[in-house]
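Me: I've got a structure to look at and I'm new to this. Could we go through it together?

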Amino acid sequence: IAKLGDKLAGREAAQKAGVPTVPGAQEPVADPKQAARIAREIGFPVLIKASAGGGGRGMRVVRDEKELAEHIARAQSEAQAAFGDGRVFIEKYFERVRHVEIQVLGDGHGQAVSLGERDCSVQRRHQKLIEESPSPGLTREAAAKMGQLAAKLAASVQYRGAGTLEFLLPCGPEAKPGEFHFIEMNARLQVEHPVTELCTGLDLVEEQLRIAGG
């Protein structure tokens, strides 16, 4: 949880495991000049994200350098109020994406398995509205590869219990065939887990208890 529950730490762990991440900064940004340099390197539009965030809080889309300083200050304030941690960082913002998450179970001893994907592309204000599986925008080959990488990342940090790794699949005109990027891990059981249970026939709460029991 310590290694993957924080978005910046999760990016670092993913890169060490060879899992592709969204182009962006590896360190928190606070200084507007530093932020402008990073944003220019990535290319606008960019997304400011709270490192400790969740639920869409502490997130701001920035399309112009003139807006950068103001949006960083607002994201930091929102993150501090919501999570007690005002750190924010910058990633590339993709205008058109599919949002796919992979459910995993890890045994805490370097082994993990993928239980398939859930597509949560239908959202409002970064809040998921509909979850479906299998993902309608993903080939079975791509889904298998994503699942393998998700399990590899969880295993690399000796993750224990249930967790969900989230990926973005750019689908605009600039998207490359087969391109996807890890964005974060929810180091816990999510409210969406019954979708996976219906598809696999597994009770994920029971599996967590079995893992905890050795």
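Reply: Sure! One term before we start: contact means heavy atoms within 4.5 Å. Also keep in mind that this is a predicted model.

Me: Okay, at about what angle to S3 does helix H1 run?

Reply: Helix H1 covers residues 7-16. It lies across two strands, S1 and S3. Its angle to S3 is about 50°.

Me: In what order do the three strands of that open sheet come?

Reply: Start with the edges: strand S2 (60-62) and strand S3 (88-92) each pair on one side only. Strand S1 (residues 46-50) pairs with S2 in the antiparallel sense over three bridges. One of the residues involved is Leu 47, whose bridge partner in S2 is Val 61. So the order across this antiparallel sheet is S2-S1-S3.

Me: Now helix H3. Why do its buried residues sit on the same side, and what arc do they cover?

Reply: Buried means under 20% relative accessible area, and in H3 that goes for Leu 68, His 71, Ile 72, Ala 75 and Ala 79. The buried residues of H3 pack against helix H2 (32-42), S1, S2 and S3. They are on the same side of H3 because the arc they cover around the axis is only 100°.

Me: And which residue follows H3?

Reply: H3 takes in residues 68-83. What comes next has a positive phi, near 70°. That residue is Gly 84.

Me: Last one: how many residues of strand S9 are buried?

Reply: Strand S9 spans residues 181-186 and is largely enclosed by the rest of the structure. It pairs with S8 in the antiparallel sense over five bridges. The buried count for S9 is six of the six.

How values were computed: Residues are numbered from 1 along each chain as its sequence is written. This is a predicted model: local features need pLDDT of at least 70, side-chain atom pairs count only at pLDDT 80 or more; totals for chains, interfaces and linings use all residues. Side-chain values use heavy atoms; hydrogens and water are left out. Two strands pair if DSSP finds at least two bridges between them. Helices (H or I, at least four residues) and strands (E, at least two) are DSSP runs, numbered from the N terminus. Axes are lines fitted to C-alpha atoms, for helices over the stretch in contact, and angles run from 0 to 180 degrees between N-to-C directions. Buried means under 20% relative accessible area, exposed over 50%, partly exposed in between (1.4 Å probe, protein chains only). The expected span of a helix is 1.5 Å times one less than its number of residues. The arc is that of the directions from the helix axis to the C-beta atoms.
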